Amino acid sequence: MFSAKAKSEVLREVVDVISTLVDEAKLNLNKDGLSVKAVDPAHVAMLDLSVGKDAFEEYSADDQEMGVDMDKFKEVLKLAKAGDIISMDYDEEKNRLIMSVGNITRRMALVDTAGMSDPKAPNLNLPVKVTVRAEELRQGIRASESVSDHVALICSPDGFEMTSEGDTDSVNLKLPKDLLESLDCKETVRSLFPLDYFSNMVKAASSAGSITMFLGTDYPVKMEFTISDEKGEVHYLLAPRIESE
Amino acid sequence: MLPDSDLVFQDSKSVRKSSLCILCKGSRKLCGKSRCPLLVKYYHRSKVMPLLDRFNLDGSSPPSVFVGRLGYPKVYVGPMVPPIHGNTEILDLPEKWLNKSIDDIINYRFQLVRGMHRTSVHELENPGRIVDLTRELAMATYSADVEAEFTKKPSGRLVLDDSSQPMGPSAPLKGFDVDNLKIDRRIDRAYSDHDLLAKDAVIELHQQGIPVTKIQRAFSVGAFGVRKRRKMVPTRWSITAVDDITGKELREVVKTFGTIDDYRIYWSSRLDNRWAVLMMPTNWRYELIEAWYPETVWNPAKNSRILLINDWEGYEGRTTYADIGGCYYAARLAVCESLVAERRQASTVILREAHPGYILPVGVWNVRENVRNALRQTYESFDSLRSALFYISKRMAIPVKRWIRNSHLLKDRLYQRRLEDFAAG
């Protein structure tokens with residue numbers, strides 16, 4: 001059983017986060033809320049999202065899984081304005097999700113979840129933790145996009161840096177310690193990441209004030225931020241590029 | 001092997017900015033001139049054949065038709081007819097041209113006279129006899145006898161183009177007649193189905209094993225699609241449309257299969273072009289990299305460096321038209337066909353070296369047939385990308401480092417780590 005009502009912007013954020021990595025996802029539902037774990041087809045990035053039931057206007061669910069096509073979900077969201085309430089009900093008999101916006105009802109066939117296993121996150125020991133204002137990162141990404149297709153994240157006890165090296169040009173975002181929300185760093189670390197993934201992840205954090213990153217050297221980055229008025233949590237993991245000849 | 005130096009090579013990114021010719025390939029008038037100066041050079045070299053000094057022509061059409069693109073949507077359409085009788089199929093069936101020389105191909109094409117009749121691409125309900133017959137001819141199974149009458153004598157110059165096969169002389173059409181015409185049953189079925197989408201018609205016919213050239217020919221005369229939306233499609237656009245539609249469909253099938261287990265290199269070499277097809281054991285991805293030597297068609301001699309240009313797609317495909325143009329889609333179709341036949345998935349990087357002996361553009365069939373040919377051969381198998389690249393370094397003239405620098409997929413495979421690389425420990 002699943003029945004819920006939510007503001008359209010809450011659902012939109014959830015869908016934006018999921019569709020950075022996958023087109024179809026398995027939603028895990030239980031009485032406390034919903035969660036999604038997914039890995040992208042290239043196995044470069046992973047996401048772990050959970051939204052508590054208090055992010056919804058109304059929410060009740062038993063333990064169950066639901067396979068959803070994100071494009072269909074987006075079609076329904078396009079019908080709604082900010083503030084509109086979208087209601088969702090699971091039709092067990094026909095295995096469909098019934099969504100209503102205003103006077104429109106969409107009955108949505110669900111995707112088979114048999115092939116979708118929950119990915120296991122690797123156990124990582126990331127020595128550095130830094131929290132940056134999301135707006136600063138967005139600005140840095142905007143500056144890098146025309147220069148290169150990858151970006152280096154560097155952290156030292158003095159601050160955080162993001163640099164992008166192209167063939168001829170380079171971009172550098174430098175945030176000294178006092179401009180950071182928090183910094184826990186004893187040694188300098190540096191890892192290189194694909195800009196398209198990193199950029200999509202940061203853009204998915206559209207309503208988060210700040211983003212926390214866990215970093216190492218030539219190691220994946222773990223990103224954490226909140227969505228849905230801090231009632232939801234997103235963890236991303238992104239594998240690095242290592243440019244050795 | 002060549003030295004890996006910027007004096008010798010120009011990389012993809014700066015090629016895009018500075019070399020208009022390789023992006024335009026004679027089709028987009030990027031240099032602002034009314035005719036492509038490179039092609040004009042070749043036009044002057046080609047001699048007009050005096051065999052067509054007459055107002056009518058009697059011969060067997062391969063079958064072949066032409067739909068022009070200049071003046072779209074008001075374009076020239078009409079049959080293509082040689083001054084000879086019999087089975088002339090080879091004149092317009094690039095699927096059989098793999099082992100032909102450039103001279104053979106020019107010779108085939110130069111025999112075909114294009115009849116030209118101006119019409120709107122939308123005019124399909126009551127288009128008149130010329131368009132009706134052209135359409136029937138485009139759907140024919142075998143060579144059909146054509147008697148054409150012109151208002152002027154055919155004037156000959158060779159028309160070269162990167163997408164379509166070279167074209168011979170042309171003349172304005174007064175009228176024509178067709179004899180011994182047998183329409184292909186399978187194409188006719190798609191033609192008679194007024195609710196079948198053009199896309200689905202193309203896919204079905206390709207699944208039935210009809211050569212791409214034949215599907216494209218019927219596609220160009222507006223034989224497919226929902227009745228009210230049918231229209232004619234210029235020959236060169238229809239070639240890429242059919243390559244793209246069939247390739248996209250097969251790509252989704254490929255994605256349902258498991259990946260190959262090894263790194264593979266397939267090989268083909270024709271018309272002074274060298275082709276290496278590298279397959280890697282990951283999810284679907286695809287890239288084509290072309291290297292144009294100085295004095296090949298799209299790299300005029302004043303630029304004495306080898307130009308490299310690449311286009312690629314990830315698992316989801318691409319949303320913009322490839323800069324490389326029709327070749328990208330023709331090669332992708334060949335890759336998908338092979339993977340579907342094997343019921344496997346892979347990511348594929350095609351490396352093409354166009355050496356100076358490649359003096360004339362012959363059409364995208366060259367790309368499609370060479371990649372198909374490569375994939376029919378037995379491949380060399382490797383257990384790592386590095387050993388596969390080492391093998392490439394021995395058979396291609398361009399240093400591997402230079403290929404890597406211009407390849408999105410190779411860089412990604414070599415440098416981008418996967419999450420499972422960090423799973424242990």
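This dialogue reads selected features of a predicted model, taking the fold of chain B, its contact with chain A and some backbone details in turn.

Visitor: How many helices and strands does chain B have, and what fraction of its residues is buried?

Guide: The model is predicted. In it, chain B has 14 helices and 13 strands, and 59% of its 425 residues are buried. Of the contacts in chain B with a separation of 6 or more, 76% link residues 24 or more positions apart.

Visitor: What does the radius of gyration of chain B agree with?

Guide: The value for chain B is 22 Å, which agrees with the figure near 22 Å for a compact globule of 425 residues. Along the principal axes, the C-alpha atoms of chain B occupy a box of roughly 80 × 50 × 35 Å.

Visitor: How should one read a helix, and which residues of helix 5 of chain B are buried?

Guide: In general, an α-helix has 3.6 residues a turn, so residues three or four places apart point the same way. In helix 5 of chain B, the buried residues are Ile130(B), Val131(B), Leu133(B), Thr134(B), Arg135(B), Leu137(B) and Ala138(B). Helix 5 (residues 129–138) is largely enclosed by the rest of the structure, because 7 of its 10 residues are buried.

Visitor: How many residues does each chain bring to the contact, and which three supply the most area on chain B?

Guide: Chain A brings 27 residues and chain B brings 18. Together the chains bury about 1800 Å², with 52% of that area on carbon and sulfur atoms. Tyr415(B), Leu419(B) and Phe422(B) supply 41% of the area that chain B buries against chain A, more than any other three residues. Helix 14 (residues 408–415) gives the largest share of the side of chain B that touches chain A, namely 4 residues. That side divides into 6 nonpolar, 4 polar and 8 charged residues.

Visitor: How many salt bridges and polar contacts are there between chain B and chain A?

Guide: The count of salt bridges is 0, while 8 residue pairs are in polar contact across the interface.

Visitor: Which backbone details deserve inspection?

Guide: In general, most residues other than glycine have a negative phi, and most peptide bonds are trans. Here the bond joining Pro62(B) and Pro63(B) is cis, with omega about 10°; Pro63(B) is in the loop between strand 2 and strand 3 of chain B. The bond from Tyr72(B) to Pro73(B) is also cis, with omega near 10°.

Visitor: Is Leu271(B), with its positive phi, buried or exposed?

Guide: Leu271(B), whose phi is about 50°, counts as buried at 16% relative accessibility. Asn95(A), with phi near 50°, is partly exposed at 36%.

Methods. Residues numbered from 1 in each chain as written. Chains lettered and ligands numbered in written order. Predicted model: local features only at pLDDT ≥ 70, side-chain atom pairs only at ≥ 80, totals over all residues. Heavy atoms only, no water. Contact = heavy atoms within 4.5 Å. Buried area = accessible area lost by both parts, 1.4 Å probe. Salt bridge = Lys/Arg side-chain N within 4 Å of Asp/Glu carboxyl O. Polar contact = N/O pair within 3.5 Å; in protein donor to acceptor, adjacent residues only side chain to side chain. Helix = DSSP H or I, 4+ residues; strand = E, 2+ residues; numbered from the N terminus. Nonpolar A, V, L, I, M, F, W, Y, C, P; charged D, E, K, R; others polar. Rg over C-alpha atoms; globule rule 2.2 N^0.38 Å. Buried < 20%, exposed > 50% of the residue type's maximum accessible area, 1.4 Å probe, protein only.
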